[in-house]
Every structure is written in C-alpha cells, then in structure tokens.
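Colleague: I am new to reading protein models, and I would like to go through this one with you step by step. Could you take my questions in turn and show the reasoning behind each reply?

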Amino acid sequence: MYAITIPEPGGPEALVWTEVPDPEPGEGEVLVEVVASAVNRADLLQRQGFYAPPPGASPYPGLECSGRIAALGPGVSGWAVGDEVCALLAGGGYAEKVAVPAGQLLPVPEGIGLRQAAALPEVTCTVWSNVFMVAHLRPGETLLVHGGSSGIGTMAIQLAKAVGAKVAVTAGTKEKLDFCAELGADVLVNYREQDFVEEVRRATDGAGADVILDNMGAKYLGRNVDALAVNGRLAIIGMQGGAKGELNIGALLQKRGAITATSLRARPLGEKAAIVAAAREHVWPLITSGRVRPIVDRELPMSDAATAHRVLEESGHIGKVLLVVP
C-alpha cells in the first residue's frame with residue numbers, strides 16, 4: 001500500500017507519499033481500506049517531530065479515517081467485511097489501509113457520505129468527552145469556544161446548541177464568525193479586535209461562561225479564568241498559545257472554578273472505546289436527524305498532504321480539511 005511517511009521532521013515538504021508494507025489486524029482489530037482521512041493539528045506537530053505516536057501505534061500521521069472493513073482480526077464480532085465505517089485512530093490515517101481496534105470503530109451515520117464521515121471521529125469524541133463527559137455542560141449554560149471556526153469549534157457549537165446551551169465563540173475574521181453564527185453561535189468575538197473576557201461578561205450580564213473549551217493553553221490561561229462564571233469549568237485541549245503560563249489561584253478560588261486538561265491519542269484502549277461508545281450513543285442520533293453535521297472545508301488528494309498542512313498552518317480553513325485516497 002501507499003502511505004504518507006515522515007523520513008525527517010520538518011515543514012510540509014517532509015511528508016512523503018511512498019509504498020510501505022500493508023498492516024495486519026491483530027487481536028481485536030479490523031483492517032480498514034481507507035477512503036479519506038481528516039487533518040488535525042496534532043498531525044502538524046508529529047510532522048515537526050514534537051508529537052510521537054504512542055507505543056504500538058502506526059508511525060504514519062492521521063488520527064481519524066473513513067473507509068470499508070477489508071478484514072477482521074481474531075476475536076472481533078459485530079462487524080463484517082464490507083461495512084462502511086469511520087474510526088478514531090492513534091495514527092495511520094494517512095494511508096490506504098490501517099488496522100483499528102474494533103472499539104474505536106463507528107458506523108457511517110445515515111445521510112452522511114463516506115468521505116465526509118472522516119471528519120467526524122476526532123471532533124465528536126473530543127467535544128463530547130471534554131464538554132459533556134468532563135465539564136458537564138447543561139441546558140441554559142454558556143459555553144465559550146476558542147477557535148469557533150475550526151473542526152473542533154464547529155462541532156462544539158452544534159452540539160452545545162443541540163442540548164440547549166448558549167454559545168460564545170472567538171475567531172479572527174468576519175467570514176469565520178459569520179459561519180459560526182450560521183451554525184447557531186450567539187456571541188461572536190473577533191479576537192483581533194475585541195476582548196473576549198469583556199464580551200462574554202457583557203453577553204451574560206456579568207456572569208461569565210460556565211464552560212470554556214480552550215485550544216490555546218498558556219496564552220489564554222489567566223483570561224480564561226477571568227471569563228469563567230462562578231462554578232465554571234475550563235477544559236484545555238491544546239497548546240497553540242504555549243505550554244507554560246501563570247495561574248492566579250486566588251482568582252480561581254473566587255470562582256470556585258475547575259480546570260481540566262486532556263488529550264485523546266495516548267489514552268488506554270478501554271477509555272477510548274468508552275468515549276467512542278458515548279459519541280455513538282449521544283452524537284450519532286443528532287447527526288442522523290440532521291441537527292448536527294460535519295463541516296468540510298475542502299478535499300485534497302492524500303498524496304498532496306503537504307498542501308493540506310499549509311492550509312492548517314495558515315488557518316485558511318473553516319471546519320475540516322480532508323485527504324482522499326486517490
């Protein structure tokens with residue numbers, strides 16, 4: 001088969017489409033013939049040499065995919081060769097085939113194309129696990145989403161609105177904010193021109209956000225605490241703004257706030273399977289009913305993964321960028 005390899009860490013040009021050995025499904029795994037994969041910022045970090053796959057995972061980038069089951073490994077039940085699926089991966093999505101633990105498979109939702117389904121596993125599992133399973137967003141509460149036009153952001157907006165929450169978002173252009181509004185966002189903050197702390201307080205009569213989904217890390221740490229409501233929950237899922245920041249514990253105490261930080265890729269198989277099962281139970285009905293949909297900015301040939309990485313690095317997208325197997 002062919003896959004995107006990274007002979008040496010570097011820029012987008014470090015991604016090389018080349019022939020590699022086919023994977024073999026092990027105990028409890030299935031072999032998926034990949035139709036499409038979606039690009040995540042973690043893939044950019046791996047390409048740069050900063051985010052190695054967990055032990056035993058495929059060395060190729062790609063944290064999600066869609067395709068058809070080509071073979072079943074020992075001990076797998078409930079799936080059949082030919083089933084159309086999408087999958088949460090620890091790696092290997094940028095390839096023609098990938099071996100996947102059966103607990104990380106999801107059926108392609110009714111009404112969603114097989115290619116588009118590649119945009120679902122990572123965002124649905126990330127948003128549902130952080131915003132709902134950990135931060136427990138409830139109807140009537142306010143969710144602040146940083147990077148509202150990203151793949152994570154566009155899914156968070158839709159899921160929060162589906163459960164009856166109010167949504168505030170940050171983004172850097174009017175085009176991106178307008179798209180967030182189309183998805184249902186109530187409060188639109190251009191982070192280049194406005195202070196999100198002030199805007200969220202104004203929109204909530206001074207109360208603040210009950211839950212904040214943050215991809216920035218250190219840069220926004222203090223201001224996120226300022227933007228929290230009393231008993232608010234800050235869920236950190238990224239470090240685009242740095243890894244080390246100062247925290248005013250007194251301010252957090254006054255808010256009786258909670259801060260969590262999670263990653264998905266290196267979790268044990270059982271935890272991943274539980275999150276996938278929760279996404280299937282709670283999110284898949286919203287997708288099949290048409291209330292929630294994957295947001296795909298563009299599709300590119302998988303062999304041109306370098307262009308897709310440049311698009312993400314330049315933040316020139318809304319939603320997901322897909323890589324399609326030629």
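Colleague: Leaving aside its neighbours within four places in sequence, which residues is G82 in contact with?

Modeller: Please keep in mind throughout that this is a predicted model. G82 sits in the loop between strand 4 and strand 5, the latter being residues 84-88, and with a relative accessible area of 43% G82 is partly exposed. Once its neighbours within four places in sequence are set aside, the residues in contact with G82 are R68 and I69.

Colleague: What separates the C-alpha atoms of G82 and E33 in space?

Modeller: Along the chain, G82 and E33 are 49 residues apart. The separation in space is taken between their C-alpha atoms, and for this pair it comes to 9.4 Å.

Colleague: Is S66 buried or exposed?

Modeller: S66 belongs to strand 4, which covers residues 64-72, and among the residues that S66 touches beyond four places in sequence are E33, V85, C86 and L114. A residue counts as buried when its relative accessible area is under 20%. S66 has a relative accessible area of 0%, and therefore S66 is buried.

Colleague: Which residue has its backbone oxygen 2.7 Å from a polar atom of the side chain of S66?

Modeller: Several residues touch S66 from further along the sequence, including L114, R115, A117 and A118. The backbone oxygen that lies 2.7 Å from a polar atom of the S66 side chain belongs to L114.

Colleague: How many Å apart in space are V98 and L213, C-alpha to C-alpha?

Modeller: V98 is found in strand 6, residues 97-101, and at 3% relative accessibility V98 counts as buried. Its contacts, apart from neighbours within four places in sequence, include P23, V30, L31 and C65. L213 is 115 residues away from V98 in sequence, and the C-alpha to C-alpha distance between the two is 30 Å.

Colleague: What is the relative accessible area of Q46?

Modeller: Q46 has its place in helix 1, which runs over residues 41-47. Beyond four places in sequence, Q46 touches I6, Y51, P53, P59, Y60, P61 and R265. Q46 is classed as buried, and its relative accessible area is 7%.

Colleague: Where does G148 lie, and what is the C-alpha separation of G148 and V169?

Modeller: G148 lies in the loop between strand 8 and helix 3, the helix being residues 151-162. Although G148 is placed in a loop, G148 is buried, with a relative accessible area of 0%. Among the residues that G148 touches beyond four places in sequence are G153, V169 and C180. V169 is 21 residues from G148 along the chain, and their C-alpha atoms are separated by 5.1 Å.

Colleague: What is the phi of H136, and what is the phi of S315?

Modeller: H136 lies in the loop between helix 2 (121-134) and strand 8 (142-146), and with a relative accessible area of 45% H136 is partly exposed. S315 lies in the loop between helix 10 (305-313) and strand 15 (320-324), and S315 is partly exposed at 33%. H136 is not a glycine, yet its phi is positive, at about 55°. S315 is not a glycine either, and its phi is positive as well, at about 55°.

Colleague: Turning to the whole protein chain, what is its radius of gyration?

Modeller: The secondary structure of the chain comes to ten helices and 15 strands, and the C-alpha trace spans about 55 × 40 × 35 Å along its principal axes. A compact globule of 326 residues would have a radius of gyration near 20 Å, which agrees with the value for this chain, namely 19 Å.

Colleague: What percentage of the residues in the protein chain is buried?

Modeller: Of the contacts in the chain with a separation of 6 or more, 67% are between residues 24 or more positions apart. The accessible surface comes to about 13500 Å², and 51% of that surface belongs to carbon and sulfur atoms. Taking the 326 residues of the chain, the buried share is 55%.

Colleague: How far apart are the mean positions of the positive and negative charges?

Modeller: The protein chain has 28 positive and 36 negative charges. A mean position is taken for each of these two sets, and the distance between the two mean positions is 6 Å.

Technical notes. Residues are numbered from 1 along each chain as its sequence is written. This is a predicted model: local features need pLDDT of at least 70, side-chain atom pairs count only at pLDDT 80 or more; totals for chains, interfaces and linings use all residues. Side-chain values use heavy atoms; hydrogens and water are left out. Helices (H or I, at least four residues) and strands (E, at least two) are DSSP runs, numbered from the N terminus. The radius of gyration is taken over C-alpha atoms; the globule rule is 2.2 Å times the number of residues to the power 0.38. Buried means under 20% relative accessible area, exposed over 50%, partly exposed in between (1.4 Å probe, protein chains only). Contact means heavy atoms within 4.5 Å. Accessible areas come from the Shrake-Rupley method with a 1.4 Å probe; for residues, only the protein chains shown count as cover. Lys and Arg count as positive and Asp and Glu as negative; His and the chain ends are not counted. The place of a charge is taken as NZ of Lys, CZ of Arg, CG of Asp or CD of Glu. A polar contact is a pair of N or O atoms within 3.5 Å; within protein, one must be able to donate a hydrogen and the other to accept it, and residues adjacent in sequence count only if both atoms are side-chain atoms.
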